[in-house]
Amino acid sequence: MTDLKNIGVTDVRNSGSCCSADGSCHTGATSETQDGAITTVYKVSGMTCGHCEGAVSQEISALDGVTAVTAVAKTGEVTVTSAAPLDEEAVRAAVDEAGYELVGTA
């Protein structure tokens, strides 16, 4: 079995797809999934490897309401699924704690 944390993916809960009900993937910063969860894509600078992805994922996962986090160093994108919209300053603080910089939403 693959340890997701070692490859930079943290799945806190199986929350389903980030795609909309019609099957199209979102291109905006925030979308709502069928189960009412909110998916937001953030841009983070400074991530270069799986360790970076894991550090950012771990810090964001600790925020209240977060159900899943996927960080991708290659694109600098971090996809966060949460029960309700997150305070961007809380996300910024979590990314800063991990040692990286939140640029904004993708």
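Student: Which residues have the most contacts inside the largest nonpolar core?

Tutor: Keep in mind that this is a predicted model. The largest nonpolar core has 20 residues, and the elements giving two or more residues to this core are β3 (38-45), α1, β4 (66-72), β5 (77-82) and α2. Those with the most contacts inside the core are Met47, Val56, Ile60, Val78, Val95 and Tyr100.

Student: What does valine 95 touch, leaving out residues up to four places away in sequence?

Tutor: Val95 is on that list of residues with the most contacts in the core. Two of its partners, Val56 and Ile60, are among the buried residues of α1. The full set for valine 95 is Val44, Val56, Ile60, Tyr100, Glu101 and Leu102.

Student: How far apart should the ends of helix α1 (residues 50-61) be?

Tutor: Helix α1 has 12 residues, and the rise is 1.5 Å a residue. The expected span counts one less than the number of residues. The end C-alpha atoms in the model agree with the expected value, which is 16 Å.

Student: Is alanine 90 buried, partly exposed or exposed?

Tutor: Alanine 90 lies in helix α2 (residues 88-98). Buried needs under 20% relative accessible area and exposed needs over 50%. Alanine 90 comes in at 29%, so it counts as partly exposed.

Student: Which residue in β5 is the bridge partner of valine 69?

Tutor: Start with the strands: β4 and β5 pair in the antiparallel sense over 6 bridges. Their hairpin has 4 residues between the strands, and glycine 76 takes a positive phi near 75° there. In β5, valine 69 is bridged to valine 80.

Terms used. Residues are numbered from 1 along each chain as its sequence is written. This is a predicted model: local features need pLDDT of at least 70, side-chain atom pairs count only at pLDDT 80 or more; totals for chains, interfaces and linings use all residues. Side-chain values use heavy atoms; hydrogens and water are left out. Buried means under 20% relative accessible area, exposed over 50%, partly exposed in between (1.4 Å probe, protein chains only). A nonpolar core is a set of buried Ala, Val, Leu, Ile, Met, Phe, Trp, Tyr and Cys residues joined through side-chain atoms within 4.5 Å. Contact means heavy atoms within 4.5 Å. Two strands pair if DSSP finds at least two bridges between them.
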